[in-house]
Amino acid sequence: MESRITENGINYVLVGDYYISEIGMKEETRPIGKYGMLRKQYLKEHKPGRFSVLVIKGELDQHLADVDEQARNMVEKLMKHLMEVEGVTEELKRQDQMEWVRKNNGIKEMAEEIVLREYV
């Protein structure tokens, strides 16, 4: 399928499996990262109606960028909080770098798991 077509003087762009008119379409400039792509896969598999509505309205990329941004921000906040609770400090980093890395990786995994369950 062609990515763009013109019919009756109206330009259409291919979005997913549908052609959407370019009238009123906003170009999303924010990147769609890991969490946005996971959200897209979730919508396709578990919420096909919602996915289709977003595609038809031309709002899918904006939605995915919003979810990605919110998820990344939440991971950062959770990591900071969990590092305080677990006592992962710069002092620990100076004393035992391997222990600091191990704890930091564990905290990142916990934070990502929480965010994936709640946001994606």
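A residue counts as partly exposed when its relative accessible area falls between the buried range, under 20%, and the exposed range, over 50%. Gly 58, with a relative accessibility of 24%, is therefore partly exposed in this predicted model. Gly 58 belongs to the loop between α2 and α3, and this loop, together with helix α3, offers a pleasant way into the structure once the overall fold has been described.

The protein is built from 5 helices and 3 strands. Read from the N terminus, the order of elements is β-β-β-α-α-α-α-α. With a radius of gyration of 20 Å, well over the 14 Å given by the globule rule for 120 residues, the protein is more spread out than a compact globule. The C-alpha trace covers about 70 × 25 × 20 Å along the principal axes.

Burial, contacts and surface fill in this general picture. Of the 120 residues, 26% are buried. Among contacts between residues at least 6 apart in sequence, 54% link residues at least 24 apart. The exposed surface amounts to about 8,700 Å², with carbon and sulfur atoms contributing 49% of it. As for charge, the protein carries 19 positive and 23 negative charges, and the mean positions of the two sets lie 2 Å apart.

Back in the loop between α2 and α3, Gly 58 sits 25 residues from Gly 33 in sequence, and the C-alpha atoms of this pair are 19 Å apart. Glu 59 is found in the loop between α2 (48-57) and α3 as well. The relative accessibility of Glu 59 is 34%, so this residue is classed as partly exposed. Between the C-alpha atoms of Glu 59 and Gly 36 the separation is 13 Å, with their positions 23 residues apart along the chain.

Helix α3 spans residues 60-86 and includes Asp 61. A relative accessible area of 41% makes Asp 61 partly exposed, because the value lies between the 20% and 50% limits. Once neighbours within four places in sequence are set aside, the contacts of Asp 61 are with Glu 28 and Ile 32. For Asp 61 and Glu 28, a sequence separation of 33 residues goes with a C-alpha to C-alpha distance of 6.2 Å.

Asp 68 is also part of helix α3. Is this residue buried or exposed? Its relative accessible area is 2%, and since buried means under 20%, Asp 68 is buried. Leaving out residues up to four places away in sequence, Asp 68 touches Pro 31, Ile 32, Gly 33, Lys 34, Tyr 35 and Gly 36. Ile 32 is thus among the residues touched by Asp 68, and Ile 32 is likewise in contact with Asp 61.

Which polar partners does the side chain of Asp 68 have? One is the backbone nitrogen of Gly 36, which lies 3.2 Å from a polar atom of the Asp 68 side chain. Another is Arg 72, whose side chain makes a polar contact of 2.9 Å with that of Asp 68. Taken together, the buried Asp 68 has a backbone partner in Gly 36 and a side-chain partner in Arg 72, whereas Asp 61 in helix α3 is partly exposed.

Conventions:
Residues are numbered from 1 along each chain as its sequence is written. This is a predicted model: local features need pLDDT of at least 70, side-chain atom pairs count only at pLDDT 80 or more; totals for chains, interfaces and linings use all residues. Side-chain values use heavy atoms; hydrogens and water are left out. Helices (H or I, at least four residues) and strands (E, at least two) are DSSP runs, numbered from the N terminus. The radius of gyration is taken over C-alpha atoms; the globule rule is 2.2 Å times the number of residues to the power 0.38. Buried means under 20% relative accessible area, exposed over 50%, partly exposed in between (1.4 Å probe, protein chains only). Contact means heavy atoms within 4.5 Å. Accessible areas come from the Shrake-Rupley method with a 1.4 Å probe; for residues, only the protein chains shown count as cover. Lys and Arg count as positive and Asp and Glu as negative; His and the chain ends are not counted. The place of a charge is taken as NZ of Lys, CZ of Arg, CG of Asp or CD of Glu. A polar contact is a pair of N or O atoms within 3.5 Å; within protein, one must be able to donate a hydrogen and the other to accept it, and residues adjacent in sequence count only if both atoms are side-chain atoms.
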